Structure formats: structure tokens, C-alpha cells
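Here are some notes to read alongside the model, written as one colleague to another. I hope they help you find your way around.

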Amino acid sequence: MRLLMKLVAPLIFWLAYGLFRSKLLRSSRRKHDWVMKLFRFAADNDNRRALSVYGHLLHFRGDGIANRIQGALYLERAADKGDAKACYQMGRICEQGFEHRFPSDAVRALHYYRRAAELKHPLALRRLIDVYRDGELGQTPDSAEVARWEAKIEPVAVASA
């Protein structure tokens, strides 16, 4: 039964994601709560995208500290599964600290920033460049590391007029 739930979780996530983004839910708290339950089902069955989206919604838009901590726990699971956005968010949470569950930890923050940067997350790349340029998060300034992370930034395509 558990295997079946894991197989269905991605479909449930995409259903929830589509409904969440549609205009159908804008006026109904009951529909919104139902979609959040769908996200939770998919997240609890280890769907990486659902862990990231649901965690983000709970942590940044949730009511109360308990929901925000639970959101950070979902983000942590998504980050450990390799979700770039969740890795970056966990870097921010670990750097700034959040409540008693996530004390400020420069080593963990740097770990998550590196992981997100390796997955080409643009804000994580910028953050690592700043870390190594300015010697933040317990690192010494290192121009070789700055150059390494700058080289990974994809050039922005310039539209010709």
C-alpha cells in the first residue's frame, strides 16, 4: 500500500499545484484547505516537489510558529533530496536561524548554499560569491573560490532590439 501511495503522490502533487495556481481557489477557504491537504499527502509520501512547495507555503505563509517550523522541516527534507530552491531556503534559514529548532549555523548554511549553487540556483551562486569575497560564514576571503562560483553563473541572453 505504501508503494502505491508513493506512486500516486506525484499525480496528487500536480493536481494540487494546478488547482493552487488556478483562479478557482481565490475566494474559497474550504477549497484552499483541501488543496493544502493534497500537498501534504504528496509531501508526506516523499514527493520532492511537494516537499519543497508545501514547505515553502507553510514556512513563509503559514499561520503561527508551529506551522513555520513544520514548513522548515519539509524544506529540509526537500533540500536533502536535492531540490535547489529548498537548498537555498535552508541556507537562509540556517544562516539566520529560526526559533529553537533551527539555530544559526554557518557550517550548515554554507553546506546548503553550496548544494544549491551546484544545482545552478542563481541566488545561491551570488551568495557564495559574497561569502568568499567578503569572508562571511566563517570563511576567509578567497579569490579563487569567487572566480570558481562566478564561472558557474550562466550568462543572461541579451535580446537584440
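**Notes on the predicted model**

1. *Overall picture.* Please keep in mind that this is a predicted model. The protein chain contains 8 helices and 0 strands, and reading along the sequence gives the pattern α-α-α-α-α-α-α-α. Its C-alpha atoms fill a box of roughly 50 × 50 × 35 Å along the principal axes. Of the 161 residues in the protein chain, 39% are buried. Taking contacts between residues at least 6 apart in sequence, 48% join residues at least 24 apart.

2. *Helix H2, its span and its two faces.* H2 runs over residues 29-44, and its 16 residues reach 22 Å from first to last C-alpha, close to the 22 Å expected at 1.5 Å a residue. Its buried residues are Val35, Met36, Leu38, Phe39, Ala42 and Ala43. They lie on the same side of H2 because they cover an arc of only 155° around the axis. The face turned away from that buried side carries the exposed residues Arg29, Arg30 and Lys37. A helical repeat is a useful thing to recall here: with 3.6 residues a turn, residues three or four places apart point the same way.

3. *What H2 packs against, and what follows.* Which helices do the buried residues of H2 pack against? They are H1 (2-21), H3 (48-61) and H4 (64-80). After H2 comes Asp46, which has a positive phi of about 70° although it is not a glycine. Asp46 sits in the loop between H2 and H3 and, at 28% relative accessibility, counts as partly exposed. This phi deserves a look in your viewer, as most residues other than glycine have a negative phi.

4. *Helix H4 and its cover.* The 17 residues of H4 reach 25 Å from the first C-alpha to the last, close to the 24 Å expected at 1.5 Å a residue. Ile69, Gly71, Ala72, Tyr74, Leu75, Glu76, Ala78 and Ala79 are the buried residues of H4. Their cover includes H2, H3, H5 and H6 (106-118). H4 is followed by Gly82, with a positive phi near 100°.

5. *Leu75 as a point of reference.* Leu75 belongs to H4 and is buried, with a relative accessible area of 1%. Beyond its neighbours within four places in sequence, Leu75 is in contact with Leu51, Ser52, Gly55, His56, His59, Phe60, Ala86, Gln89, Met90 and Ile93. Phe98 is 23 residues from Leu75 along the chain, and their C-alpha atoms are separated by 13 Å.

6. *How H4 meets H5.* At what angle do H4 and H5 pack? The angle is about 130°, with the axes 8 Å apart, which means that H4 is oblique to H5. H4 passes H5 in a left-handed crossing. On the H4 side, Ala72, Leu75, Glu76, Ala78 and Ala79 take part, and they meet Ala86, Cys87, Gln89, Met90 and Ile93 of H5.

7. *Gly91 in H5.* Is Gly91 buried or exposed? This residue of H5 (residues 84-96) is buried, with a relative accessible area of 0%. Apart from neighbours within four places in sequence, Gly91 is in contact with Ala109, Tyr112 and Tyr113. Trp14 lies 77 residues from Gly91 in sequence and 26 Å from it in space, C-alpha to C-alpha.

8. *The loop between H6 and H7.* Lys120 is found in this loop. Its phi is positive, near 70°, in a residue other than glycine. With 41% relative accessibility, Lys120 counts as partly exposed.

9. *The pair H7 and H8.* H7 (residues 122-134) and H8 (residues 143-151) pack at an angle of about 165°, and their axes are 8 Å apart. H7 is therefore roughly antiparallel to H8. Their crossing is left-handed. H7 contributes Leu125, Leu128, Ile129, Tyr132 and Arg133 to the contact, while H8 contributes Glu145, Val146, Trp149 and Glu150.

How values were computed:
Residues numbered from 1 in each chain as written. Predicted model: local features only at pLDDT ≥ 70, side-chain atom pairs only at ≥ 80, totals over all residues. Heavy atoms only, no water. Helix = DSSP H or I, 4+ residues; strand = E, 2+ residues; numbered from the N terminus. Expected span 1.5 Å × (residues − 1). Buried < 20%, exposed > 50% of the residue type's maximum accessible area, 1.4 Å probe, protein only. Arc of directions from axis to C-beta. Contact = heavy atoms within 4.5 Å. Axes fitted to C-alpha atoms, helices over the stretch in contact; angles between N-to-C directions. Parallel < 35°, antiparallel > 145°, perpendicular 65-115°, else oblique. Left-handed = near helix turned anticlockwise from the far one by under 90°.
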